[in-house]
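Q: I would like a close look at a single part of this protein, with its surroundings described afterwards. Please keep to what the model shows.

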Amino acid sequence: MAASFNLGDLDVFAQALKRAPEAANQAADLALQAGAEFALREGRASIFKELNLEKAYVHKQMSITKRSSRGDLLTKITAQRRSVLAPRFGAAQKTAPTKSPLSKVKGDPYRRIPKGRKAAGSTAWGPKRGGEKKAWPNAFFIWGKNSGAYIMLVRKGRGANAKLAAVYGSSVDEAWRGVRLRIAPKAMDIAVKRFKKEFRRRA
C-alpha cells in the first residue's frame, strides 16, 4: 500500500503559487522530497522494531515509488505486499541425533543437516520482534530458487488429499499500514516547514 503526500491541497502552497509559480514549484519539490524521505526512514525503523526481520530486508521492501514533479505535487511511498517467508523471521531447520550408524547417515548439506543427524522440524520462531516463539515439529525446509531463500513447508490434510504449503508471516505492507497514519502528520509538517524556507529563498 502506498502512502501519499500532496502539497497541492495546502493553502500555504496555493498562495505561494499565485505569487511566484516557478519558485513555489521548486520549493514544493524539495519540500515533498524531505517529507517523503523522513516518512521512509521512520517507516523502516518502526517496522524493524515491530517485525523480526533483518534491517536490510525491511529497507529493500520499502521505497519512494513516485516523486513529485511540476504540476503533479504527489509523492508516494510503497511497501511490498507479498507475504514474508517464515525463514526470514528466524525459522530454521532443527536437527536431532539419529540412532542409525554414522556410516549410513550422511546428512544433507542442501538442507543444512550435518552428518549423523536428521531433520526434526523447525527451530522456535515468531514474526513479532520480542514476541512469542514457537517450534513447528512437522515442518521441513527446501531451497527456493525463485525466492533465493529457504522455504518452510508443512503438510496440510491427510492421506491422498494431503498437500504441501509454505508458511508465511506478515508482509511489510501490513506493518506499513499500521504505522503510516502515525508518521504522515509529522512528515507533512516537515514538508510544510521546508516549503516555507525554500520559497522564502526563491521568491
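The answer below takes up the sheet that contains strand S7, then the pockets and a helix pair.

A: This is a predicted model, and the part chosen here is an open sheet of three strands in the order S7-S8-S9, with antiparallel pairing. The edges are taken by strand S7 (140–144) and strand S9 (163–166). Each of these two has a single partner strand, so one side of each is left without a neighbour in the sheet. On average, neighbouring strands of this sheet are turned by 40° against each other, direction ignored.

S7 pairs with strand S8 (residues 149–156) in the antiparallel sense, and five bridges join the two. One residue pair can be picked out: phenylalanine 140 has leucine 153 in S8 as its bridge partner. S7 and S8 form a hairpin with four residues between the strands, and in this hairpin glycine 148 takes a positive phi near 70°. As background, side chains in a regular strand alternate between the two faces of the sheet.

The sheet also contributes to a pocket. S7 and S8 each supply at least two residues of the lining of the largest pocket. The space in that pocket is about 300 Å³. Its lining has 16 residues, and the closest to the pocket centre are Pro87, Arg88, Ala91, Arg112 and Tyr150. By class, the lining of the largest pocket is made up of nine nonpolar, three polar and four charged residues.

The second largest pocket holds about 210 Å³ of space. Among the residues that line it are Arg88, Ser147, Ile151 and Ala166. Helix H3 (55–60) and strand S4 (84–85) each provide at least two residues of this lining. Other lining residues of the second largest pocket include Tyr57, Lys60, Val84 and Leu85. Sorted by class, six residues of this lining are nonpolar, three are polar and three are charged.

A separate piece of the model is the pair formed by helix H1 (residues 11–19) and helix H2 (residues 21–50), whose axes come within 6 Å and cross at roughly 140°. H1 and H2 are therefore oblique to each other. On the H1 side the contact is made by Phe13, Ala16, Leu17 and Arg19, and on the H2 side by Pro21, Ala24, Asn25 and Ala28. The residues of this contact comprise six nonpolar, one polar and one charged.

Definitions and conventions:
Residues numbered from 1 in each chain as written. Predicted model: local features only at pLDDT ≥ 70, side-chain atom pairs only at ≥ 80, totals over all residues. Heavy atoms only, no water. Pairing = 2+ DSSP bridges. Axes fitted to C-alpha atoms, helices over the stretch in contact; angles between N-to-C directions. Parallel < 35°, antiparallel > 145°, perpendicular 65-115°, else oblique. Contact = heavy atoms within 4.5 Å. Nonpolar A, V, L, I, M, F, W, Y, C, P; charged D, E, K, R; others polar. 1 Å grid on protein atoms, 1.4 Å probe; cavity = no way out; pocket = protein on both sides within 12 Å on 5 of 7 lines; lining within 4 Å. Points joined across faces, edges and corners; volume = space filled by probe spheres on them.
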